[in-house]
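Let's take a walk through this structure together, starting from its interior and working outward through its sheets and helices. Keep the model open beside you as you read.

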Amino acid sequence: MSDKILVTRSALPPIEEYMEEIRGLWDTHWITNMGVEHEKLRQKLRDYMGVEDIDLLANGHMALELGMQAMNLHGEVITTPFTFASTTHAIVRNKLEPVFCDIDPEDFTIDVSRIEELITDRTSAIVPVHVYGNVCDVEEIERIAKKYDLKVIYDAAHTFGTVYKGKGIGTFGDASCFSFHATKVFNTIEGGAVCYKDREFGLDLYRLKNFGIRGPEKVDAVGANAKMNEFCAAMGICNLRHVDEMISKRERVVKRYRENLEGIEGIRLNPIQRNVRSNYAYFPVIFEEKAFGASRNEVYKELWRNGICARKYFYPLTSMFECFHDKYDADQTPVALHVCKRVLTLPLYPELDLENVDRICRIILQCRG
């Protein structure tokens, strides 16, 4: 795989730094169950993200699934099908009914103008998704939620480090759920987190991630096991020291892509949002076949033929998954359907050199008819 350019590459600190961080674990033998590294990372993330409180979990999916469970939701949840499988699966595994809202054609987040028409007397929450680092219309979502007394749980897996109007992205909604998977801007190898404000919600989330345990002799709920271990927490502590530098390097790559591809007929790039300090998580490109002269799939195949592993992200829509047996109609979200058939995310990571960015762009442009 060394000759291939992957769509992303996991961020790793200097090995000596990580070894020093985990050295104390050999003295204590405490390697899981909310140990020193776990608490240290939790405090550092709370400060970095500017949130009231945060809990760490084994992965981003459990952050979503248990976060929803701790909300005691019922009935229907309005969300978007233009997302990773985890978002929809977390809803379904909570025995909730996803109601799919279309996306904004400009930034690919949930189309807030379509939310209210989907609300029924069975609706209990909105689960919007910040996509590619793009921020949802949080003000309008908050207005709607207050009007109809709905909970808001953000899938913020793509937006670690993103700041909107001077506020960390984890401060919005009743809860914001993050993934710290190895492929993300910030990783703990595997891991996730839920940011929240309500103390009782935090207590419920904690016991759900730890078997329902409240104390040494008290188990008052049925819980799961979704604790982050000390080795993952230590990786997070190390990576957090470097994350701002890594975001700056990602920005450099994104700017080079824009220099090559901006203004090309038939190509639409990710928007630059106002009032947003981006984390440059992904670089999606929309290919309109008639105008560009080649389809997304043709560009995808040509890139892979040259050892460049771009990704159709997101395709298919979650509402099109075989596991749902045609339960949902993708035609009800036409913008999302249009975009999923045309989007390609290009390789993006801090160490991607600009010569390779130029080469990727040359291959793309050579696909034109």
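Which residues of the largest nonpolar core touch the most other members? Among the 60 residues of that core, they are Leu45, Phe82, Ile115, Tyr132, Ile141, Phe160 and Phe180. Before going on, a word on what you are looking at: this is a predicted model, in which local features need pLDDT of at least 70 and side-chain atom pairs count only at pLDDT 80 or more, while totals for chains, interfaces and linings use all residues. Residues are numbered from 1 along each chain as its sequence is written, and side-chain values use heavy atoms, with hydrogens and water left out.

A nonpolar core here is a set of buried Ala, Val, Leu, Ile, Met, Phe, Trp, Tyr and Cys residues joined through side-chain atoms within 4.5 Å. Buried means under 20% relative accessible area, exposed means over 50%, and partly exposed lies in between, using a 1.4 Å probe and protein chains only. Helices (H or I, at least four residues) and strands (E, at least two) are DSSP runs, numbered from the N terminus. At least two residues of the largest core come from each of α3, β1, α6 (138-148), β5 (151-155), β9, α8 (230-261) and α11 (334-340). The most generous of these is α8, which gives six residues. A second, separate core has 29 residues, including Val253, Leu303, Leu344 and Leu365.

Phe180 is a good place to zoom in. Leaving aside residues up to four places away in sequence, its contacts (heavy atoms within 4.5 Å) include Leu45, Leu56, Phe160, Phe186 and Met228.

Now step back to the sheets. Seven strands make an open sheet in the order β1-β9-β8-β5-β4-β2-β3, with mixed pairing; two strands count as paired if DSSP finds at least two bridges between them. At the edges are β1 and β3 (97-100), each pairing on one side only. From one strand to the next, the twist averages 25°; angles run from 0 to 180 degrees between N-to-C directions, and axes are lines fitted to C-alpha atoms, for helices over the stretch in contact.

Begin at the β1 end. Four of the five residues of β1 are buried, so this strand is largely enclosed by the rest of the structure. Five bridges pair β1 with β9 in the antiparallel sense, with Asp55 opposite Val194 and Leu57 partnered by Gly192. In β9, five of its five residues are buried. Why do they point in two directions? In a regular strand the side chains alternate between the two faces of the sheet. Gly192, Val194 and Tyr196 point one way from β9, and Ala193 and Cys195 the other. Next along, β8 also runs antiparallel to β9, joined by five bridges, and here Phe178 stands opposite Ala193. At the far end, β2 (76-79) and β3 are parallel over four bridges, with Ile78 facing Val99.

Helices pack on this sheet. Lying across β4 (123-127) and β5, α6 runs at about 150° to β5. Helix α7 touches β1, β8 and β9, and its direction makes about 10° with that of β1. The buried residues of α7 (199-209) include Phe201, Leu205 and Leu208, and the buried set packs against elements including α3 (36-49), α4 (60-70) and β10 (213-215). At the start of α7, a side-chain oxygen of Asp198 comes within 3.3 Å of the backbone nitrogen of Glu200. Just after the helix, Phe211 has a positive phi of about 65°.

A further open sheet has three strands in the order β7-β6-β13, with antiparallel pairing. Its edge strands, β7 (167-168) and β13 (276-277), have a single partner each, so one side of each is left without a neighbour in the sheet. Two bridges link β6 (163-164) to β13, where Tyr164 is partnered by Val276.

Finally, return to α8, which packs with α12 (354-366) at an angle of about 30°, their axes 10 Å apart. On the α8 side, the residues that meet α12 include Arg252, Val253 and Tyr257; their counterparts in α12 include Leu354, Ile360 and Leu365.

Note on methods
A polar contact is a pair of N or O atoms within 3.5 Å; within protein, one must be able to donate a hydrogen and the other to accept it, and residues adjacent in sequence count only if both atoms are side-chain atoms.
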